[in-house]
Amino acid sequence: SGRMLASARPLYRQLGLNTPAICCNGAYVALPDGEMLYRCPIARPDAARVIAFARERNLYVQYYVGENYYYEKDCPERVHYEKHIGVKATFVPDLTAIQDDTDKLLMIGLPSLERMLAPVRAAFPEFAVGMSKPAYLEINNPTATKGAALRALAEHYGLGPESVMAI
């Protein structure tokens, strides 16, 4: 899922699942007990460049680390997102002061942020940049893919490609 584990958990409970989860577009795999099996984050200095880009354009951005996500300015985008995923964000005065690498960065623009897709891709060709909804622009490490995460999970369980299916 593009979601973080904390946001996917209610769906897991509803479906009665007790399985690993591929989260944040493949940036990490969490085992059923929540232990991190695999992680492919964006390094803090690189994330800081994206945050500076967003600040210069007055764009709202969130910073994800494991089961938490952070914001530095309150706005309707934050309220909208929290309602959408059902998980509260944590306020920090400066996202670049967070000491952990980030699993993903999410820019949100209501009603749409599509106009920023090409400029963000041009500014950061080294990242995977995509839109999960018209208002959500997601930025990941380019090697953080659901396929790479699934390979790591299969290797953990000793499964070959013939034994794996993705939906």
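Is Cys40 buried or exposed? In this predicted model, Cys40 is buried, and its relative accessible area is 11%. I will start with the cysteines, then go to helix 3, then to the sheet.

A search for disulfides over the whole structure returns 0. Cys40 takes part in none, and the nearest cysteine sulfur belongs to Cys24, 12 Å away. Cys75 is in no disulfide either; there the nearest cysteine sulfur, again that of Cys24, lies 19 Å away. For a pair to count, the two sulfur atoms have to be within 2.5 Å, so neither distance qualifies. Cys75 is buried as well, with a relative accessible area of 14%.

Next, helix 3. Which of its residues are buried? They are Glu77, Arg78, Tyr81, Glu82 and Ile85. Around the helix axis these residues cover an arc of only 130 degrees, so they sit on the same side of helix 3. The opposite face, turned away from that buried side, carries Pro76 and Lys83, which are exposed.

What covers the buried residues of helix 3? The cover includes helix 1, residues 5-15, together with four strands: strand 4 at 60-65, strand 5 at 68-71, strand 7 at 104-108 and strand 9 at 136-140.

One residue of that helix I want to show separately is Glu82. Helix 3 runs over residues 76-85, and Glu82 is part of it. Glu82 has a relative accessible area of 9%, which means that this glutamate counts as buried. Leaving aside residues up to four places away in sequence, Glu82 touches Tyr69, Val87, Lys88 and Ala89. Just after helix 3 comes Gly86, with a positive phi of about 75 degrees.

Tyr69 brings us to the sheet. Tyr69 is in strand 5 and is the bridge partner of Tyr64. Strands 4 and 5 pair in the antiparallel sense, over 3 bridges.

How are the strands ordered across the sheet? The sheet is open, has 6 strands, and reads 6-5-4-7-9-8, with mixed pairing. Strand 6, residues 90-91, and strand 8, residues 128-133, stand at the edges. Each of the two has a single partner strand, so one side of each has no neighbour in the sheet.

To go back over the main points: the search gives 0 disulfides, Cys40 and Cys75 are both buried, and the buried residues of helix 3 are on the same side of the helix. Among the elements covering them are strand 4 and strand 5, which pair in the antiparallel sense. That is the end of the talk.

Technical notes. Residues numbered from 1 in each chain as written. Predicted model: local features only at pLDDT ≥ 70, side-chain atom pairs only at ≥ 80, totals over all residues. Heavy atoms only, no water. Buried < 20%, exposed > 50% of the residue type's maximum accessible area, 1.4 Å probe, protein only. Contact = heavy atoms within 4.5 Å. Arc of directions from axis to C-beta. Pairing = 2+ DSSP bridges.
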